[in-house]
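Work through the exercises below with the sequence and the structure at hand. Try each task before reading its solution.

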Amino acid sequence: MSQTFDVVVIGAGPGGYIAAIRAAQLGFSTACVDAFKNPQGEPSLGGTCLNVGCIPSKALLQSSENFHAVQHDFAKHGISVSGAKLDVATMLTRKNDIITKNTGGVSFLFKKNKIANIHGLATLKGRQGEQWQLEVSDNGKVVDTLLAKHVIIASGSSPRQLPGVATDNKLVLDNEGALALASVPKRLGVIGAGVIGLEMGSVWKRLGAEVTILEAMPTFLAAADQQIAKEAFKTLTKDTGLDIKLGVKIGDIKTGKKVVTVNYELNGEKVSAEFDKLIVSVGRQPNTVGLGAENIGLQLDERGFIAVDGHCRTNLPNIWAIGDVVRGPMLAHKASEEGVVVAERLAGQQPHIDFNVIPWVIYTSPEIAWVGQTEEQLKAAGIAYKKGSSNFGANGRALSMGQAQGFVKILADATTDRILGVHMIGPMVSELISEAVVAMEFKAASEDLARIVHAHPSLSEVVHEAALAADKRALHG
Ligand code: FAD
Ligand code: NAI
């Protein structure tokens, strides 16, 4: 006998688990089916984000920053620590404890909201009357069959592989392996200077590895504002000490017993580099294998993502798709917002996401964050704009923290003064960017930010100064 639900959500990542909670809050009988198993082979909710993405990477980030600070920054405060040692096993245990707390939290929320928590791989099989049929299998065996009025697909994404190089998570690592290295490799190679390459490269560099990042594009962080990207390149190469090579053409990759050899071409020269570990971080691809799209005629786009409209509707009635498996940035907060929006649409509400106001953060040191359009995009669109910038170098709080690097730049419409983009590199800009997001959601002008009282001393004063600078009346510039 099949279990019947109003809503079945496929995937319990930040897209799926949030969609399930919101649907249940709105009174729908809801199930969430998730296939993820942790290294112990146990079901673990939370998807990529909680298990092998956002959260574990930030746990290691904090450990590596602490280790770096003890060795390099404490002395300036008059605090001397000798013989600081790294215990990678303890660092990984701390990371795993954080994962368990978070994933256990999702189980708790499922119970609290009376969501049926079903473990296994969900496959769409067909239609029975007004309902969709799904089969759930685990280790190749069918464990459940479900009927649902509405299906929300939130099956997420997986690392893209380089042709001819198998990821074994021993020598050649994807995000899972990069987050679980048992010791610090002496020579770490990274292919792809995107978000994962920079974040994970920085973590292992701070812990003592020599890190070489090989990037195909000649432009560094092409999606970011290029003034920010230039500053980031400078600090990540000079201060963090990453060796970033741009415009690289990767050739053969050979794995030996203990080393990986990467042959590549740079500026017409052939290079052969040996690494003790290699992270491959060349983007991610949507998870559609096993979903049964072909059984029901679910349309994919030319890049293999599930095709959806602006409201996350697929080509089939009552089937929706959200998060990494559909177009748009692969970000946890984008997935979650889409989950809320779809659940509310099912309940007859008219929610809306402004895709132009989704913040990006890259958790390097210093952090990089932005929202809205870059100068390059405004120029290409022929939009006249003005800009205001302010440096963290003059900010008392940043100086006290010993992190007075970077700047904030605000771009506003030349005529109306409406804020069009805000770009930051500096301390805790992952937090500061929220002020810009709120301002842009409320269609604020740069003058609005300039007239708001900002606490002193705080990092947010740099945002205030940048807004004043946009009107050529910076007080500290
Ligand atoms: P996922 O989190 O991928 O979850 C999908 C779930 O569905 C998985 O559990 C999967 O096993 C399951 N599934 C797939 N197919 C089926 C099926 N047929 N049946 C049942 N279950 C299925 N984003 C940020 O915003 N901030 C960050 O700091 C950040 N850091 C990251 C760091 C790393 C190393 C990585 C890899 C990613 C990071 N991301 C970050 C991206 C973020 O993890 C994703 O954007 C987010 O997890 C997408 O959520 P989702 O719900 O769409 O999919
Ligand atoms: P990415 O798309 O950010 O970067 C991939 C990089 O690899 C690009 O610079 C690309 O030019 C390069 N590349 C592609 N093919 C190559 C090749 N053959 N040789 C050399 N370089 C090559 O992808 P990444 O880093 O794998 O991360 C995937 C996604 O996960 C991100 O786009 C982001 O959406 C999400 N993520 C978000 C984080 C955050 O919000 N802080 C942190 C980590 C991941």
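A polar contact is a pair of N or O atoms within 3.5 Å. The model used here is predicted.

**Exercise 1. Find polar contacts between the protein and ligand 1, and state how much of ligand 1 the protein buries.**

Step 1. Start with Gly15: one of its backbone N or O atoms lies 2.8 Å from an oxygen atom of ligand 1. This distance is within 3.5 Å, so the pair counts as a polar contact.

Step 2. Go on to Leu331, where a polar backbone atom is 3.2 Å from an oxygen atom of ligand 1.

Step 3. Turn to a side chain: His333 places a polar side-chain atom 3.3 Å from an oxygen atom of ligand 1.

Step 4. Now take the area. Ligand 1 alone exposes 1000 Å², and 92% of that is buried by the protein.

**Exercise 2. Describe the shell of residues around ligand 1.**

Step 1. Count the residues: 38 surround ligand 1, and the closest are Asp34, Thr48, Lys58, Ala122 and Asp324.

Step 2. Sort them by type. The shell holds 19 nonpolar, 15 polar and four charged residues.

Step 3. Which element gives the largest share of the shell? Helix H2 does, with four residues.

**Exercise 3. Work out the strand order and pairing of the sheet that contains E12.**

Step 1. Write down the order: the sheet is open and has three strands, E12-E13-E14, paired antiparallel.

Step 2. Identify the edges. Strand E12 (248–255) and strand E14 (269–275) each pair on one side only, which makes them the edge strands.

Step 3. Find the turn between neighbours: on average, neighbouring strands of this sheet are turned by 20° against each other, direction ignored.

Step 4. Look at one pairing in detail. E12 and strand E13 (residues 260–266) run antiparallel and are joined by six bridges. On E13, Thr261 stands opposite Lys254.

Step 5. Recall the general rule: strands of a sheet pair through backbone hydrogen bonds, either parallel or antiparallel.

**Exercise 4. State how many aromatic pairs the whole structure has, and classify the pair of Phe220 and Phe233.**

Step 1. A search of the whole structure gives two aromatic pairs.

Step 2. For Phe220 and Phe233, the ring centres are 5.1 Å apart and the planes stand at 70°. Planes over 60 degrees apart count as edge-to-face, so this pair is edge-to-face.

Step 3. Place both residues on the chain. Phe220 is in the loop between strand E10 (210–214) and helix H7 (226–238), whereas Phe233 is in helix H7, 13 residues apart.

Methods. Residues are numbered from 1 along each chain as its sequence is written. Chains are lettered from A and ligands numbered from 1 in the order in which they are written. This is a predicted model: local features need pLDDT of at least 70, side-chain atom pairs count only at pLDDT 80 or more; totals for chains, interfaces and linings use all residues. Side-chain values use heavy atoms; hydrogens and water are left out. A residue is near a molecule or strand if one of its heavy atoms lies within 4 Å of it. A polar contact is a pair of N or O atoms within 3.5 Å; within protein, one must be able to donate a hydrogen and the other to accept it, and residues adjacent in sequence count only if both atoms are side-chain atoms. Accessible areas come from the Shrake-Rupley method with a 1.4 Å probe; for residues, only the protein chains shown count as cover. Helices (H or I, at least four residues) and strands (E, at least two) are DSSP runs, numbered from the N terminus. Ala, Val, Leu, Ile, Met, Phe, Trp, Tyr, Cys and Pro count as nonpolar, Asp, Glu, Lys and Arg as charged, and the others, Gly among them, as polar. Two strands pair if DSSP finds at least two bridges between them. Rings of Phe, Tyr and Trp (its six-membered ring) pair if their centres lie within 6.5 Å; planes under 30 degrees apart count as stacked, over 60 as edge-to-face and the rest as tilted.
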